[in-house]
Every structure is written in C-alpha cells, then in structure tokens.
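Trainee: Before we start, I would like to know how to read a sheet and a pocket.
Mentor: Then let us take them in that order.

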Amino acid sequence: IIQAQVKGRRLGVTLDRELKIAHRVQFHPHTTAVVASSDPSKTAKMAQMIERAWAHQPWFLMPRITGYQKGEQIDFASTDCHLLLQWGNQQTGMARGDTPQVVHLSEVAEFLNPDELIDAALIRAVLDTPWTFLVLEGTAARRHDWWHKTWLWAKDHWEDGRSRLRPVFLPYFVGVVPPTSPALAAA
C-alpha cells in the first residue's frame with residue numbers, strides 16, 4: 001500500500017493510520033516505522049496516539065520497550081522493531097540510514113523541503129514489497145506547490161503504471177459526525 005491521500009479535515013484519517021502503525025510495530029517483528037508531521041509538536045501528537053493505544057494493551061501483548069528517546073525513537077529489541085519520529089522542518093532527509101516498511105507522513109503540504117526530505121530520502125529508502133505501508137497524507141494547501149504536483153502526478157499516472165503513489169481523495173462529506181457531538185445535540 002503506497003498512497004497519496006488528499007483529504008478533508010477532521011475525518012479521523014491520522015488516527016486510523018497511527019493505529020495501523022501501532023499494530024504493525026507491536027505484532028510484526030523486524031519492522032521499522034516512520035511517523036512524521038510538519039513540525040515536532042504535531043509529530044508528538046501522532047506519537048501520543050500510538051503510545052495511548054499501547055498503554056491500553058494487556059501486558060502480555062506488548063513487547064518491552066528497550067530504547068526510548070522522547071520525540072525521536074522507540075525501540076523493541078526482542079522483536080527488532082523501531083518507531084522513528086520525524087518532522088517536516090528537519091534539516092536532513094527522512095529515514096537516512098534506515099529501510100522503513102511502514103510510513104505515515106501527515107500534513108505534507110506544510111513540509112519545508114519535501115523534495116529533499118521525502119523525494120530524495122524517504123521514498124528511495126522504501127522498497128516495494130507486499131508488506132509496505134506508506135501513506136503521504138494532507139489537506140490541499142496551495143496550487144502548484146510540491147503536494148499539489150505530487151497529487152496531480154499520482155492522479156494522472158496511476159492508471160498507466162508510472163506512479164508508485166496511488167491517489168486517494170477523501171472529501172469532508174465522507175466523515176460522520178459522532179453521536180456525542182455538540183453539533184448533533186443542538187440539532
């Protein structure tokens with residue numbers, strides 16, 4: 001699964017992707033995962049989603065965390081799994097020196113240098129295998145920026161097999177207002 005997802009806001013896409021990553025790191029040995037958003041604070045929120053899911057697991061289902069660098073990396077030596085936390089305003093390319101199998105980048109339209117961070121570094125480090133899960137996700141920002149061009153390339157060239165990224169568009173109206181929402185209560 002390798003996708004470019006343009007989405008509406010507040011659809012729960014980020015939470016869904018983080019839960020998929022938490023599952024892969026928890027249950028599939030030899031997994032290297034990369035999670036990133038546009039800045040360290042947004043990446044920290046994504047990491048909190050994963051850590052919250054792990055905190056609610058029964059003790060016997062969780063491998064022991066053997067390395068923890070807050071805001072940077074979580075390691076599980078017994079399963080050889082690693083969760084790398086990165087962000088779109090870092091100075092060096094993403095996943096340099098690693099070969100991640102699982103990647104979720106959120107708000108990619110806000111990344112400062114996506115040509116270097118994503119195209120030149122991360123995408124080249126991800127191999128096409130049946131276990132690959134890579135999602136670039138974000139809302140549309142500006143016409144003709146990197147994200148807009150990436151989306152158009154994927155959309156125009158997916159059918160002819162020239163794009164690795166499958167284009168996925170999730171408009172705001174596919175979202176469902178939760179029953180406990182104040183908007184529903186007022187209706």
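Mentor: What follows goes through the sheet, the helices on it and two pockets, in a model that is predicted.

Trainee: In what order do the strands of the sheet run?

Mentor: Strands of a sheet pair through backbone hydrogen bonds, and the sense is either parallel or antiparallel. Here 8 strands make an open sheet, ordered S3-S4-S5-S2-S6-S7-S1-S8, and the pairing is mixed. Strand S3 (67–69) and strand S8 (166–170) are the edge strands, each paired on one side only. From one strand to the next, the twist averages 10°.

Trainee: Parallel or antiparallel: in which sense do S6 and S7 pair?

Mentor: Strand S6 (residues 102–106) and strand S7 (residues 133–138) are parallel, with 5 bridges between them. To find the pair on screen, start at Val-102, whose bridge partner in S7 is Phe-133.

Trainee: Which strands does H1 lie across?

Mentor: H1 lies across strand S1 (2–7), strand S2 (32–37), strand S4 (73–76), strand S5 (81–87), S6, S7 and S8. Its direction is at about 160° to S6. H2 lies across S2, S3, S4, S5 and S6, and runs at about 135° to S2.

Trainee: Now the pockets. What is the volume of the largest pocket, and which residues are the closest to its centre?

Mentor: The idea is to roll a probe the size of a water molecule over the atoms, which shows where empty space is left. In this model the largest pocket has a volume of about 650 Å³. It is lined by 21 residues, of which Lys-7, Arg-10, Leu-11, Gly-12 and Thr-14 are the closest to the centre. By class, the lining has 9 nonpolar, 5 polar and 7 charged residues.

Trainee: Which helices supply at least two residues of that lining of the largest pocket?

Mentor: Helix H1 (13–27) and helix H2 (40–55) each do. H2 gives the most to the lining of the largest pocket, with 4 residues.

Trainee: And what is known of the second largest pocket?

Mentor: Its volume is about 240 Å³. There are 13 lining residues, and the closest to the centre are Asp-119, Ile-123, Thr-150, Trp-153 and Leu-165. Helix H3 (114–125) and helix H4 (146–157) each supply at least two residues of this lining, and the largest share, 4 residues, comes from H4. The classes here are 8 nonpolar, 2 polar and 3 charged residues.

Note on methods. Residues numbered from 1 in each chain as written. Predicted model: local features only at pLDDT ≥ 70, side-chain atom pairs only at ≥ 80, totals over all residues. Heavy atoms only, no water. 1 Å grid on protein atoms, 1.4 Å probe; cavity = no way out; pocket = protein on both sides within 12 Å on 5 of 7 lines; lining within 4 Å. Points joined across faces, edges and corners; volume = space filled by probe spheres on them. Nonpolar A, V, L, I, M, F, W, Y, C, P; charged D, E, K, R; others polar. Pairing = 2+ DSSP bridges. Axes fitted to C-alpha atoms, helices over the stretch in contact; angles between N-to-C directions. Contact = heavy atoms within 4.5 Å.
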